[in-house]
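Me: I should like to learn how to read the features of a structural model. Please take me through one case, giving the general idea before each particular.

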Amino acid sequence: MDAVVITGDLFDGRIRLDAETISRLKRLSCPVYFVSGNHDGYSGARKIKLILSEAGVRVLNSEMFVHDGQLFPIDLINSYLFGYNQVMNQYKSTKVYFFHGSGIFGLPMRLSARFEIALYTFRPTI
């Protein structure tokens with residue numbers, strides 16, 4: 001494994017990961033990156049970023065992270081508002097991947113959106 005990228009919503013208003021739990025990321029022998037999601041803000045984004053930084057995670061700053069949504073019709077609303085909300089897309093000169101997510105928020109169910117953990121292989125362009 002070359003790198004781990006945590007793509008937001010690691011923290012949630014109800015789930016509190018503490019510094020001891022996050023410090024286990026130090027055991028990885030590859031770089032770990034984190035970009036915050038919309039739910040991370042519910043738990044105090046500054047504190048979250050500090051805990052992650054102290055664990056050696058490289059915290060990336062980004063704009064609002066959008067994903068496909070957990071329940072119908074959120075997936076349709078996201079498609080309408082953002083024009084795209086899943087798979088690989090192009091935004092200006094940057095490739096953007098919109099994520100279905102791997103967990104739940106609120107109700108313990110997902111309708112019309114699959115769980116997803118993405119694995120990428122990057123190759124240099126010639």
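Me: Where does Cys-30 lie, and is Cys-30 buried or exposed?

Reply: Helices and strands here are DSSP runs, numbered from the N terminus: H or I over at least four residues for a helix, E over at least two for a strand. Cys-30 lies in the loop that runs between α1 and β2. A residue is called buried under 20% relative accessible area, exposed over 50%, and partly exposed in between, with a 1.4 Å probe and protein chains only. Cys-30, at a relative accessible area of 12%, is buried.

Me: Which residues is Cys-30 in contact with, leaving aside its neighbours within four places in sequence?

Reply: Contact means heavy atoms within 4.5 Å. By that rule, and with those neighbours set aside, Cys-30 is in contact with Met-1, Asp-2, Ala-3 and Val-4. Val-4 is 26 residues away from Cys-30 in sequence, yet the C-alpha to C-alpha distance is 7.2 Å.

Me: On what basis should such values be read?

Reply: This is a predicted model, in which local features need pLDDT of at least 70 and side-chain atom pairs count only at pLDDT 80 or more, whereas totals for chains, interfaces and linings use all residues. Residues are numbered from 1 along each chain as its sequence is written, and side-chain values use heavy atoms, with hydrogens and water left out.

Me: How many helices and strands are there in the chain?

Reply: The chain has 3 helices and 5 strands, and along the sequence they follow the pattern β-α-β-α-β-α-β-β. Of its 126 residues, 30% count as buried. Among contacts with a separation of 6 or more, 61% are between residues 24 or more positions apart.

Me: In what order do the strands of the open sheet stand?

Reply: Two strands pair if DSSP finds at least two bridges between them. Here 3 strands form an open sheet in the order β1-β2-β3, with parallel pairing. The edges are taken by β1 (4-6) and β3, each of which has a single partner strand, so one side of each lacks a neighbour in the sheet. Direction ignored, neighbouring strands of this sheet are turned by 25° against each other on average, where axes are lines fitted to C-alpha atoms and angles run from 0 to 180 degrees.

Me: How many bridges join β1 to β2, and how many join β2 to β3?

Reply: There are 3 bridges between β1 and β2, and 3 between β2 and β3. In the former pair, Val-4 stands opposite Val-32 in β2. Towards β3, Tyr-33 stands opposite Arg-58, and Val-35 has Leu-60 as its bridge partner.

Me: How does one read the two sides of a helix, and which residues of α2 are buried?

Reply: An α-helix has 3.6 residues a turn, so residues three or four places apart point the same way. In α2 (residues 45-54), the buried residues are Ile-48, Ile-51 and Leu-52. They lie on the same side of α2, because they cover an arc of only 95° around the axis, the arc being that of the directions from the helix axis to the C-beta atoms. On the face turned away from the buried side are the exposed residues Arg-46, Lys-47 and Glu-54.

Me: What covers the buried residues of α2?

Reply: The cover includes α1 (19-22), β2 (32-35) and β3 (58-60). Ile-51 serves as an example: its relative accessible area is 13%, and it touches Ala-19 and Ile-22, not counting residues up to four places away in sequence. Ile-51 and Ala-19 are 32 residues apart in sequence but 5.7 Å apart in space, C-alpha to C-alpha.

Me: Which residues make up the largest nonpolar core?

Reply: A nonpolar core is a set of buried Ala, Val, Leu, Ile, Met, Phe, Trp, Tyr and Cys residues joined through side-chain atoms within 4.5 Å. The largest has 10 residues: Ile-6, Phe-11, Ile-22, Val-32, Phe-34, Ile-48, Ile-51, Leu-52, Ala-55 and Val-57. Both β2 and α2 supply at least two residues of this core, and α2 gives the most, with 3 residues.
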